[in-house]
Each structure stands twice: as structure tokens, then as C-alpha cells.
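Visitor: I'm new to this one. Could you pick a single part and take me through it slowly?

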Amino acid sequence: MRRAGLLGLALALSAAPAWAAVTLTFYAHPGARIRGGELLFPHAYVHASGSLDDTGDAVDWAAGFTARFPGPHLLLATGPGVVATPEARYVGEGRPYLRMTVSDAVYRSVRARADWWHGPEGSLYDLRRRNCISFIADLARVAGLQTAREPSMKPGTFLEATATLNPAAAWRESPPGDGAPPMPVPTPLPEQASAPLAVD
């Protein structure tokens with residue numbers, strides 16, 4: 001009888017859906033170099049991967065905020081911004097600074113906030129005061145992280161300081177064979193996700 005019960009439990013566990021999670025990773029790209037005739041600037045962006053708990057849908061999304069019309073004019077004036085998806089090679093060349101698992105609700109809040117930055121209310125770009133770092137900082141706060149001082153024009157420096165403020169989410173290479181997910185960060189209060197970012 002006991003053996004049959006254990007067998008039933010094993011079958012039930014094997015039939016249950018696999019544990020799902022979305023992982024957010026915050027990157028800085030070194031930039032300041034030319035590749036294929038294109039000048040690459042320092043940049044910050046986020047990459048989400050994994051799958052949703054409620055639907056099982058796969059997640060593979062990356063985003064950064066940049067000027068819609070790059071050029072030297074941005075040294076003197078603001079302009080329209082756009083949330084753009086970096087290519088896979090570009091993401092792979094970046095350095096990760098923060099990684100955290102988030103709930104479906106937090107992931108969707110992060111995506112909604114990125115959409116706000118892409119829309120008419122949030123798309124103002126200012127090279128010195130409202131740039132890719134401002135975007136990443138805002139999304140990090142929506143995800144429940146503390147962020148370093150802004151404004152900044154040094155993505156790596158900003159993310160390194162932010163990682164220091166969030167040791168549980170600071171990037172660490174996983175030991176070989178360790179498939180455990182990174183430690184989750186507390187869910188933020190609702191008003192953190194909806195408040196617009198002030199522009200100095």
C-alpha cells in the first residue's frame with residue numbers, strides 16, 4: 001500500500017508543469033569602438049529570459065533606450081527617444097551586472113513601463129539627463145531594486161554602484177552544475193511602477 005502511494009506521488013509530480021520563472025539581467029555595453037563601419041557607444045540595457053508561470057510562454061526580450069536620431073546635435077539639444085531591441089550579438093558582448101528572478105506580474109510591469117518610455121509621454125531623450133541609464137534605472141526600480149545616483153553617462157559605473165546596493169541581485173557566475181535560480185528580490189509597491197520619471 002505504501003509503495004503504491006509513493007508511486008502515485010511520483011507520477012503526480014512528473015505530470016505537474018515544470019517550475020517556470022523569468023530572469024531579468026541588466027547589462028552595460030562597453031561601446032566607444034567601431035564595428036563594421038558603425039560607431040558603438042556605451043549603452044545600458046535589460047534582457048528578460050525564461051518562461052511565464054501562468055501560461056508557460058517562453059520569454060526572450062531585450063530593450064534599451066536610445067535617441068531616435070543619433071548625432072552630434074544631441075550634445076546641445078534634446079530629441080525623441082525610442083526603446084530599441086539590441087541584436088543578440090550586441091547583448092552577448094555586454095557585461096552583466098545584475099540578475100534577478102521576478103514574478104509574472106513584475107515582468108509585465110517592467111514591459112509596461114518600457115512601453116511607456118516608447119510612447120509619447122516617455123520618449124524624450126536627453127544625452128546627459130535622460131538616456132539609456134535613466135531607462136534602465138527606472139525599470140530596475142519597477143523590478144524592486146535600489147538604484148545608484150543619477151543622472152549618469154557611464155553605464156558600467158552606474159550598474160556597478162547599483163549592484164553594490166543590491167547584493168542579492170549582484171551578478172555572480174553560477175558554479176558548474178548549479179541550476180538554481182538567482183535569489184528573488186522583493187516585489188515593489190504599486191506606486192513605484194506607475195510614477196513617471198522626473199526630468200531635471
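**A close look at strand E7**

Guide: Happy to, and let's take strand E7. Keep in mind that this is a predicted model. E7 covers residues 95-102, and its home is an open sheet of 6 strands with antiparallel pairing. Reading across that sheet, the order goes E7-E1-E4-E5-E6-E8. E7 and strand E8 (124-125) stand at the edges with a single partner strand each, so one side of each has no neighbour in the sheet.

For E7, the strand alongside is E1, residues 22-29. These two run antiparallel and are joined over 7 bridges. To find a spot where they meet, look for alanine 28, which sits opposite arginine 95 of E7.

Now, is E7 buried or exposed? Buried counts as under 20% relative accessible area, and 7 of the 8 residues of E7 are buried, so the strand is largely enclosed by the rest of the structure. One element to look at here is helix H5, which lies across E1, E4 and E7 and runs at about 45 degrees to E7.

Follow H5 (155-165) back along the chain and you reach the loop that links it with helix H4 (132-142), where proline 151 is found. The peptide bond leading from glutamate 150 into proline 151 is cis, with omega near -5 degrees. That's worth a pause, as most peptide bonds are trans.

H5 also lies across E4, so to speak a step further into the sheet order. E4 (residues 43-51) pairs with E5 (residues 58-67) in the antiparallel sense, over 6 bridges. Glycine 50 has valine 59 in E5 as its bridge partner.

How values were computed
Residues numbered from 1 in each chain as written. Predicted model: local features only at pLDDT ≥ 70, side-chain atom pairs only at ≥ 80, totals over all residues. Heavy atoms only, no water. Buried < 20%, exposed > 50% of the residue type's maximum accessible area, 1.4 Å probe, protein only. Helix = DSSP H or I, 4+ residues; strand = E, 2+ residues; numbered from the N terminus. Pairing = 2+ DSSP bridges. Contact = heavy atoms within 4.5 Å. Axes fitted to C-alpha atoms, helices over the stretch in contact; angles between N-to-C directions.
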